[in-house]
Amino acid sequence: MAYRHFIDLDSLSSETISHILSSALAMKTEFKELRHKAPKLCEGQVLASIFEKPSTRTRLSFDVAMRDLGGSCITLSSNDLQLGRGESIADTARVMSRYVDAIMLRTDAHQKLLDLAEFADVPVINGLTDHSHPCQIMADILTFVEKRGSIEGAKVAWIGDCNNVALSAVHAATKLGFSLYIAAPKEYGPTKAMEDAVKADQKAKKNSIHFVEKLDDAFLDADLIMTDTWVSMGDEDEEVRKRVFAPYQVNTEMMKLASKDALFMHCLPAYRGREVTAEVLDGPQSVVFDEAENRLHAQKAIVAWSLGAI
C-alpha cells in the first residue's frame, strides 16, 4: 500500500490539494450544522502527535480534529519517547506503526520527518519542520477561499522572513495558480530550497514567484497580505532581527497600497507593534482568528485524506 503521507505541498498534485481544501470547507460547514452528529470518518482510529517544539494551534487543532472525526489522539513530547536515549527514528517509526493509525510530527530537522515517513507503515503528517509548514498554508488558503471564493489568479504578498511558512507558500503558489510576491531583507532572503522551487516554477513557465526589492511592489494591488513573527522558535539573533526587519512592518499606510478588499493574515502568535501594528491586526481586513480556526478544519481534512477517508 502506498501510504498517504502529508509531507510537503510540492509532492502533492494540484488536484489533491484542491480536494483536501474543498473537503475541509465542506466538513467545516457540515460540523457547524450538525455539531457532534457529523459523520465520524475516522471512527476508532488513533493519531499519535509528537511535539519536539511547543505549539498552541497545531496541538489543539490536531487533537480536536481527531476527536471530531470519531478517533482519538495521543500527544507525546520527545521526552516521552526513547529518541532522547538514542533509539533511531526508524525503530521508533516501526514500533509506533504497530500501535497507531497515523503519526503527526512537529520537529526541527526536516530529515527526521522524512526518515519517519520512510520507515513508518502508517501515514505521516508534517506538523512543522524548520524546512516547511504545509498545514499552516493549507489553513491560510482555506481562509482565503472561504472569504473570496478562489485563490487562483490572486496576488499574494509575503512580507518578512523567508522561513518555513514562506516555503510552503511558494509550493502552494506553484500548485494553485496564484502569484506570490516576496519582500524580505537580503540577510534573510530565499533559502536554497526556495530558490530550487522558484527555478522549477520558472522551468515550467508558470512565473508564480516574484522576489521584490521595493516593499511597495509587494503591497501594490495585493489581494492578500501575509507576514509572520520576526523571531521564530530557535532563532538566537533576536536583536539583529528586530533591527533588520523593522522596515518590513505591516501597518495602515502600507495596507493602503493593497486592494481595497485585501485580507491580512498572520499565522500567530503575533507581536503587536513589531511585525504588524495593532491597528491592522485588530482591524476590519484582518482574518487572523478565522485563519486560526481553520487550522482545525484543514487538519481534519488532512487527517481524513491521509487515512483514506476522503
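What volume does the largest pocket have? In this predicted model, the figure is about 610 Å³. The lining of the largest pocket counts 33 residues. Leu128, Asn164, Asp228, Ser232 and Met233 are the closest to the pocket centre. By class, the lining splits into 12 nonpolar, 12 polar and nine charged residues. Two helices, H2 (57-68) and H6 (164-176), each contribute at least two residues to this lining. H6 gives the most, with three residues.

Now turn to the sheet. Four strands make up an open sheet, and their pairing is parallel. The order is S2-S1-S3-S4. Strand S2 (72-77) and strand S4 (124-128) sit at the edges, and each pairs on one side only. From one strand to the next, the twist averages 20°. Look at the pair S3 and S4. Strand S3 covers residues 102-106 and runs parallel to S4, joined by four bridges. Across this pair, Ile103 stands opposite Val124 in S4.

A further pocket remains. The second largest pocket holds about 170 Å³ of space. Which elements give two or more residues to the lining of the second largest pocket? They are helix H1 (14-34) and helix H5 (134-148). H1 provides the largest share, four residues. Among the lining residues are Ser18, Leu21, Ser22 and Leu25. The lining also includes Ile141, Val145, Gly149, Ser150, Ile151, Glu152 and Leu176. Six residues of this lining are nonpolar, four are polar and one is charged.

Definitions and conventions: Residues are numbered from 1 along each chain as its sequence is written. This is a predicted model: local features need pLDDT of at least 70, side-chain atom pairs count only at pLDDT 80 or more; totals for chains, interfaces and linings use all residues. Side-chain values use heavy atoms; hydrogens and water are left out. Two strands pair if DSSP finds at least two bridges between them. Axes are lines fitted to C-alpha atoms, for helices over the stretch in contact, and angles run from 0 to 180 degrees between N-to-C directions. On a 1 Å grid over the protein atoms alone, a cavity is a set of points where a 1.4 Å probe fits but cannot get out, and a pocket is an open set with protein on both sides within 12 Å along at least five of seven lines; lining residues have an atom within 4 Å of a point. Grid points are joined across faces, edges and corners, and a volume is the space filled by probe spheres set on the points. Ala, Val, Leu, Ile, Met, Phe, Trp, Tyr, Cys and Pro count as nonpolar, Asp, Glu, Lys and Arg as charged, and the others, Gly among them, as polar.
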